[in-house]
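The following note sets out some points on the fold, for a colleague who has the coordinates at hand. Please read it alongside the structure shown here.

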Amino acid sequence: MDYSVIYKAQNSFEANFIKGLLKEYSINCKLLGESLSIGIGELPVDVMQVEVLVENKDLKKSNKIMQDYKNNLTNINQNERNCPKCHQSIPTTFKSCWNCNQ
Ligand SMILES: [Zn+2]
């Protein structure tokens, strides 16, 4: 079967998150590069890019999911964070949560 790269994750944590995300849509993916981080204890895992590959038949659907994922990621990173206590979205310009004051 033919596979295509749909996303380059920054680390294996993100790659596995995407794997789980795709699985929710019944899409199986392969992670490429992740195995490099196993057994090389001294190398920081987070500097290793992991490529996420899906079967070509799932490519269109996956690209749509990844587009949404990237949009969310951009929004969260640039404008908001989640309060650890009440899970309210807070603009990053606020130091404490305006909802529960934590
Ligand atoms: Zn809060």
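1. Pairing of β1 and β3. Strand β1 and strand β3, which covers residues 50–55, pair in the antiparallel sense over six bridges. Within this pairing, Ala9 has Val50 of β3 as its bridge partner, and Tyr7 stands opposite Val52 in β3. The model under discussion is a predicted one.

2. The sheet as a whole. The two strands belong to an open sheet of three strands, ordered β1-β3-β2 with antiparallel pairing. The edge strands are β1 (3–9) and β2 (29–32), each of which pairs on one side only. From one strand to the next, the twist averages 30°. Helix α1 packs on the sheet and touches β1, β2 and β3, and its direction makes about 20° with that of β3. The pairing between β2 and β3 is likewise in the antiparallel sense and runs over four bridges; in it, Leu32 stands opposite Glu51 of β3.

3. Overall composition. The chain contains two helices and five strands, and along the sequence these follow the pattern β-α-β-β-α-β-β. Of its 102 residues, 14% count as buried. Among contacts between residues at least 6 apart in sequence, 51% join residues at least 24 apart.

4. The two faces of β3. Which residues of β3 lie on its covered face, and which on its uncovered one? Val50, Val52 and Val54 form the covered face, whereas Glu51, Leu53 and Glu55 form the uncovered face.

5. Geometry and sides of α1. Helix α1 (residues 12–24) has 13 residues, which at 1.5 Å a residue should span 18 Å; its end C-alpha atoms are 18 Å apart, so the expected and modelled values agree. The buried residues of α1 are Ser12, Ala15, Ile18 and Leu22. They lie on the same side of α1, because they cover an arc of only 115° around the axis. An α-helix has 3.6 residues a turn, so residues three or four places apart point the same way. On the other side of α1, Phe13, Gly20 and Glu24 are exposed. Just after α1, Ser26 takes a positive phi of about 60°.

6. The nonpolar core. The largest nonpolar core has 10 residues in all: Ile6, Tyr7, Ala9, Ala15, Ile18, Leu22, Cys29, Val50, Val52 and Val54. The elements giving two or more residues to this core are β1, α1 and β3. The covered face of β3, namely Val50, Val52 and Val54, is thus named again among the core residues. From α1, the buried residues Ala15, Ile18 and Leu22 also appear in the core.

7. Contacts of Ile6 and Ser62. Leaving out residues up to four places away in sequence, Ile6 touches Val52, Val54, Leu59, Ser62, Asn63 and Met66. One of these partners, Ser62, lies in helix α2 (residues 59–79). Is Ser62 buried or exposed? Ser62 counts as buried, because it has 24 C-beta neighbours inside 10 Å, where 20 or more are required. With the same exclusion of residues up to four places away, Ser62 touches Ile6, Leu22, Ile27 and Val54. Ser62 and Ile27 are 35 residues apart in sequence, while their C-alpha atoms are 7.7 Å apart in space.

8. The loop residue Gln10. Gln10 lies in the loop between β1 and α1. With 12 C-beta neighbours inside 10 Å, Gln10 counts as exposed, the cut-off being 12 or fewer. Gln10 and Glu51 are 41 residues apart in sequence and 8.8 Å apart in space, C-alpha to C-alpha.

9. Pro91 in β5. Pro91 has its place in strand β5, residues 89–91. Pro91 counts as exposed because it has 10 C-beta neighbours inside 10 Å. Setting aside its neighbours within four places in sequence, Pro91 is in contact with Asn79 and Glu80. From C-alpha to C-alpha, Pro91 and Glu80 are 4.2 Å apart in space, and they are 11 residues apart in sequence.

Key: Residues are numbered from 1 along each chain as its sequence is written. This is a predicted model: local features need pLDDT of at least 70, side-chain atom pairs count only at pLDDT 80 or more; totals for chains, interfaces and linings use all residues. Two residues are in contact if their C-beta atoms, placed from the backbone, lie within 7 Å. The expected span of a helix is 1.5 Å times one less than its number of residues. The arc is that of the directions from the helix axis to the C-beta atoms. Two strands pair if DSSP finds at least two bridges between them. Axes are lines fitted to C-alpha atoms, for helices over the stretch in contact, and angles run from 0 to 180 degrees between N-to-C directions. A nonpolar core is a set of buried Ala, Val, Leu, Ile, Met, Phe, Trp, Tyr and Cys residues joined through C-beta atoms within 7 Å.
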